[in-house]
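Reader: I am new to protein models, and I would like a close look at one part. Please show me the enclosed spaces inside this one, then walk me outward from there.

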Amino acid sequence: MAPSTLPPPSDPEKKDHHQVHNIQPAPTVSNITNHDHNPEKPFAIPIEGEPKSKTTTAHPCSEQESEPELEQPNRPQQPDHDQNKTTWNASRTSISRFLLICYSFILMGMSDGAIGALIPYLETYYSISYTIVSLVFLSPFIGYLLAALFNNLIHHHFGQRGVAILGPICRLIGFIPMACHLPYPALPVVMLFTGFGNGIEDSAWNAWVGNMRNANELLGIIHGCYGLGATIGPLIATSMVTKGGLEWFTFYYVIVGLNGSELVLMTAAFWTATKEVYRAGIAESESESEDVAGTGGENEGGVNKRTTTRTVMRDLIPWIVAMFLLGYVGAEVSLGGWIVTFMLKVRQAEPFDAGLTVTFFWLGLTVGRVVLGFITGRIGEKVAISVYLLLCIALQLLYWLVPSFVASAIFVSFLGFFLGPLFPAAIVAATKLLPPGYHVSAIGFAAAFGGGGAAIFPFAVGAIAQKKGVTVLQPIVLAILVFILLMWWLLPGGLKPGGLERARENKEKVGDEVRKGFRWLKGKAGSPNSRLSFVHTESTARVNRV
């Protein structure tokens, strides 16, 4: 009886065994993915991973045998850089916050762009010189510096809700006295609050959007909104003064109303973005960085401790990005702030035509940020920005040297177009080169410190123009463009696509590419010398033979 009872149990075992082996080749990749990673935090697509995990339990031996055939170290890199990031439309709350950030950048662009168009009328209204009127550019610089120092602290103690409330309030403190056209000595003082409000919002929203999926495109959109505001701001301000016969300060009635609406909407949208939410997000991002990228030593202790601005400033990369943004923003706002005066005094343009020129500049900047944002990430940030900056230098030279109003208007429009994607690309480069725990502090510091360029460089142009004339705008902007190109080349990563990610993985240092370039040039320079000496030796031998 025993032999007759043995086959039935064995047949199902054989069937099950054959079934497992028949389906084993299909789920091998997803099974190994789930085996390598924590199932609570899957980096593969969950829909494919969950059903196939049952096969792993049924027959784990075949999984272990096939495991060495796959290149495991390279698998987690893609989710770390793209798939594991959130999207702007992940929820209704995210959508509303992103749209309000776009609205906030439009208002920042309107105020920054309009001040340049209103400078000639401020001079006439208050009977002041270039140097004195330039104080409206310089005073916000102190506010930007304070924003750079306190941005991370505000996030840690109040979360994004604190930024959403404090930013619009500070701008209102600056714009209400402008609308009341107080005596001029009061204006630079109240503009300190405007600089602080712009600084904390600029840095906070850049850091938030810069950590999203498709950051180049999204940053291009929000900075395109800034350019849109800077386009319509001068147009509205100039039209109100030249066509409507209104005083310059009536423009700030509009600005105060728009910023008041921003305060209400941003408070409602970011009310749940508390300090607890912010701290939990930082802890999660750093733990994921340790699990995915294998940088546990780099972020050790970062989950429980706040990454302070002082810690971030010990790294050279935030300083390089900050100096790049300082120069970039300085060139952008110097051009936007003094184009009208340059066109009036040097190109002898009509007031309304001069106002249109600055509108063309900001319009080119807006279009460039949106359009080139989709190109920059595909060809690589390092090579794309290098090409854009070389084109900007050529266009700046033409804008300076060709004495024609129409030609100047065309050159300055294309100059704005290629300047557009520089700021978003710098933010993306920082997120790729730095660990997640550094992002808010580093990007906040770089964006706020760089925003100070909107104050210090336009003031320098005005102070020098007082003695040398407004033509000094062109060589100053040209020198700034060359400077930021050199700063950009100091960042590690080379000029190939994916170089920034590899630079972080390989822990490359600032200036490594420059040193490699010098060694390459030295090697190339040595080869011709050896060839020349060889030719010289051969020639001497021939002469001796003759």
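Author: What follows starts with the cavities and moves on to rings, charges and a few single residues. Keep in mind that this is a predicted model.

Begin with the idea behind the search. Rolling a probe the size of a water molecule over the atoms shows where empty space is left. How many cavities of 30 Å³ or more are there? The count comes to 2.

Take the largest cavity. Its volume is about 180 Å³. A set of 17 residues lines this cavity. Nearest its centre lie Asp 112, Ile 115, Val 136, Pro 140 and Met 191. Which helices supply the wall? H7 (92–126), H9, H10 (186–210) and H21 (453–468) each give at least two residues to the lining of the largest cavity. H9 gives the most, with 5 residues. Now sort that lining by class. It holds 11 nonpolar, 5 polar and 1 charged residues.

Next comes the second largest cavity. Its volume is about 150 Å³. Here the lining has 14 residues. Asp 202, Tyr 226, Val 329, Glu 332 and Phe 423 lie nearest the centre of this cavity. Two or more residues of its lining come from each of H7, helix H11 (215–243) and helix H15 (316–345). By class, the lining of the second largest cavity divides into 8 nonpolar, 2 polar and 4 charged residues.

Go back to H9 for a moment. This helix covers residues 135–179, and Ile 142 lies in it. Is Ile 142 buried, partly exposed or exposed? Its relative accessibility is 47%, so Ile 142 counts as partly exposed. Now look for Gly 452. In sequence, Ile 142 and Gly 452 are 310 residues apart. In space, their C-alpha atoms are 7.6 Å apart.

Now the rings. The whole structure contains 21 aromatic pairs. One of them joins Phe 361 and Trp 362. Their ring centres are 5.1 Å apart. The planes meet at 70°, so this pair is edge-to-face; the cut-off for that label is over 60 degrees. Both partners count as buried: Phe 361 has 0% relative accessibility, and Trp 362 has 1%. Elsewhere, ring pairs build a cluster. Its members are Tyr 125, Tyr 126, Phe 175, Tyr 184, Trp 248, Phe 249, Phe 251, Tyr 252 and Tyr 253.

Some rings have a charge over them. The charged end of Arg 161 sits over the ring of Trp 271, 4.4 Å from the ring centre. Lys 243 lies over the face of Phe 352, with 4.5 Å to the centre of that ring.

Another lysine is worth finding. Lys 382 belongs to helix H17, which runs over residues 381–401. Its relative accessible area is 4%, so Lys 382 is buried. What lies 2.8 Å from a polar atom of its side chain? The backbone oxygen of Leu 491 does.

Finish with a glycine. Gly 368 sits in helix H16, residues 351–379. At 0% relative accessibility, Gly 368 counts as buried. Compare its position with that of Leu 415. The two are 47 residues apart in sequence. From C-alpha to C-alpha, Gly 368 and Leu 415 are 9.6 Å apart in space.

Definitions and conventions:
Residues are numbered from 1 along each chain as its sequence is written. This is a predicted model: local features need pLDDT of at least 70, side-chain atom pairs count only at pLDDT 80 or more; totals for chains, interfaces and linings use all residues. Side-chain values use heavy atoms; hydrogens and water are left out. Helices (H or I, at least four residues) and strands (E, at least two) are DSSP runs, numbered from the N terminus. Buried means under 20% relative accessible area, exposed over 50%, partly exposed in between (1.4 Å probe, protein chains only). On a 1 Å grid over the protein atoms alone, a cavity is a set of points where a 1.4 Å probe fits but cannot get out, and a pocket is an open set with protein on both sides within 12 Å along at least five of seven lines; lining residues have an atom within 4 Å of a point. Grid points are joined across faces, edges and corners, and a volume is the space filled by probe spheres set on the points. Ala, Val, Leu, Ile, Met, Phe, Trp, Tyr, Cys and Pro count as nonpolar, Asp, Glu, Lys and Arg as charged, and the others, Gly among them, as polar. Rings of Phe, Tyr and Trp (its six-membered ring) pair if their centres lie within 6.5 Å; planes under 30 degrees apart count as stacked, over 60 as edge-to-face and the rest as tilted. A charge sits over a ring if NZ of Lys or CZ of Arg is within 6 Å of the ring centre and within 35 degrees of the ring normal. A polar contact is a pair of N or O atoms within 3.5 Å; within protein, one must be able to donate a hydrogen and the other to accept it, and residues adjacent in sequence count only if both atoms are side-chain atoms.
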